[in-house]
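Here's a pair of exercises to work through with the model open. Try each task before you read its solution.

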Amino acid sequence: MNTPLERAGAVLTIDLDAIAANYRLLREKAEGAECAAVVKANAYGLGAAAVARRLIVEGCTTFFVAHLGEAIDLRAALGEGPDIFVLNGTPPGTARDFLAARAIPVVNSLAELAEWRALAAESGAVMPAALQVDSGMSRLGMAPEEAALLAEDPSLIAGIDVRLVMSHLACADEPGHSANMAQVSEFERLRRILPEARASLANSSGVFLGKAFRHDLVRPGAALYGINPVPGKRNPMRPVVSLKARVVQLREVPQGAGIGYGHALHADAPMRLATLSIGYADGWPRGPRAGAFCGDAPLPLAGRVSMDSIVVDATGLSDDVLWQGAFVDMICANQTVDDVAAASGTIGYEILCSLGRRFHRIYLGDRSVAGDQTP
C-alpha cells in the first residue's frame, strides 16, 4: 500500500525550528517584556498543539487563543503548566467551562465581568482574568465609560485576580500612523484608573514600534509563523511553511485554446500546461494571480483556480524537468506567504489560516511531532 506522502496531492511542511527561532527574535526585541504566543485559529492553521509544545521548549509559558473550545483543546494537549488566555471573552453560561479548563478569560465588558465575579462569589475562590479596554480600535474591550465605572466601584472587581490589563493596536503595521501614539496614550490613561496589573498592548508589528508599546507582555502571532511584521522592509522573520503541489496532468494545447472555467484565458501561442492537485477547497486563493515554481522557473497561473486543481503555464519545460507526478513549489523562497497574499489581494494571515486539511503535513524540528499528519 502506498504511503500518505505517495498518495498526497499536495504537501505542507511546517518548520517548528523556524517558529522557535522567530520566537527567540521576538523575545529579544521585547527587551525584558514577557513574550507570549498567539496560537488562535489552530496556530494560524499550522497546528496549535505542535506549535505550543515547541514553544514551551523555548520557555514560553503564556498562550492566547480566541475561543473557549480552542483553550480546552490546547489544555488537553499541554497539560496543567502554561497560562491560556481566551481573547473573545466568556459567552453567557460558560464560566464553569473556563474553570474546568483552567482557561483565563479576557473580559471585554462589565456584563462578562459580572458573570465571572458571580462564579467567584459562589465558589469562594479568587478567579483570574484579564481586562481588555478599547483604546481606539472599536472592536473588543471595555469602552472608556465602562472602565471609568469599574474604577469608581471596586466591588465590581471583587473576587477577581486581574492578571493583565490589555488592549489591541489597529495600525501597528503602519509605524507612522497617528493612531499608534493615540492608542498608547489612551491605553496608559485607562490602565492607570484600573486595578494595578501587568500591561499588554503589542501584537507582532507592535513589538517593532519601540519600547513605549511593549509594556510587560507582548503577544505576537503572525510574526511567529513567518509573516512580515514590518511591511515595506526586509522581513526579519524566518520562513516557516513550504507548500508543494503534485502535477496530475500535462498537455500541449494549440494557439487559441480556451483554458479553465469561463475560458478566462486563451492561449496566444501553443502552450504546455500542467494541472496541479490544489485548489480553493485547499485554501489556495481564487483571486489573481499566484502561480507556482519549478525550481527557479516560474509557472504562471493559466485561467481560473478550480475547487481541486489549478492550471499553470509550463511552456518550455521538458519532460525531464517536469513530469506527471512531480511536485512543484507553491510557497517557497521564490514565492513567500506574503507574496501569495499580495498577488491575491489579501494578507498573509488569511493565506495561512486557509491552508487546507487535505494536505499531507510534515513537521520539522521536533521528534515528538515529526511526521504528524494532524494539525
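**Exercise 1. Place tyrosine 44 and work out its surroundings.**

Step 1: tyrosine 44 lies in helix α3, residues 40–44; helices here are DSSP runs of H or I with at least four residues, numbered from the N terminus.

Step 2: check burial. This is a predicted model, where local features need pLDDT of at least 70, side-chain atom pairs count only at pLDDT 80 or more, and totals for chains, interfaces and linings use all residues. Residues are numbered from 1 along each chain as its sequence is written, and side-chain values use heavy atoms, with hydrogens and water left out. Tyrosine 44 has a relative accessible area of 6%, so it is buried (under 20%; exposed is over 50%, partly exposed in between, with a 1.4 Å probe and protein chains only).

Step 3: list contacts (heavy atoms within 4.5 Å). Skipping neighbours within four places in sequence, tyrosine 44 touches Val38, Gly221, Ala222, Tyr225, Tyr349, Leu352 and Cys353.

Step 4: take glycine 221 from that list. Its C-alpha sits 8.1 Å from that of tyrosine 44, with their positions 177 residues apart in sequence.

**Exercise 2. Do the same for glutamate 186.**

Step 1: look in helix α9, residues 178–193, for glutamate 186.

Step 2: its relative accessibility is 19%, so glutamate 186 counts as buried.

Step 3: beyond neighbours within four places in sequence, glutamate 186 is in contact with Ser135 and Pro144.

Step 4: the glutamate 186 side chain also makes a polar contact with the side chain of arginine 189, at 2.9 Å (N or O atoms within 3.5 Å; within protein, one must be able to donate a hydrogen and the other to accept it, and residues adjacent in sequence count only if both atoms are side-chain atoms).

How values were computed:
Helix = DSSP H or I, 4+ residues; strand = E, 2+ residues; numbered from the N terminus.
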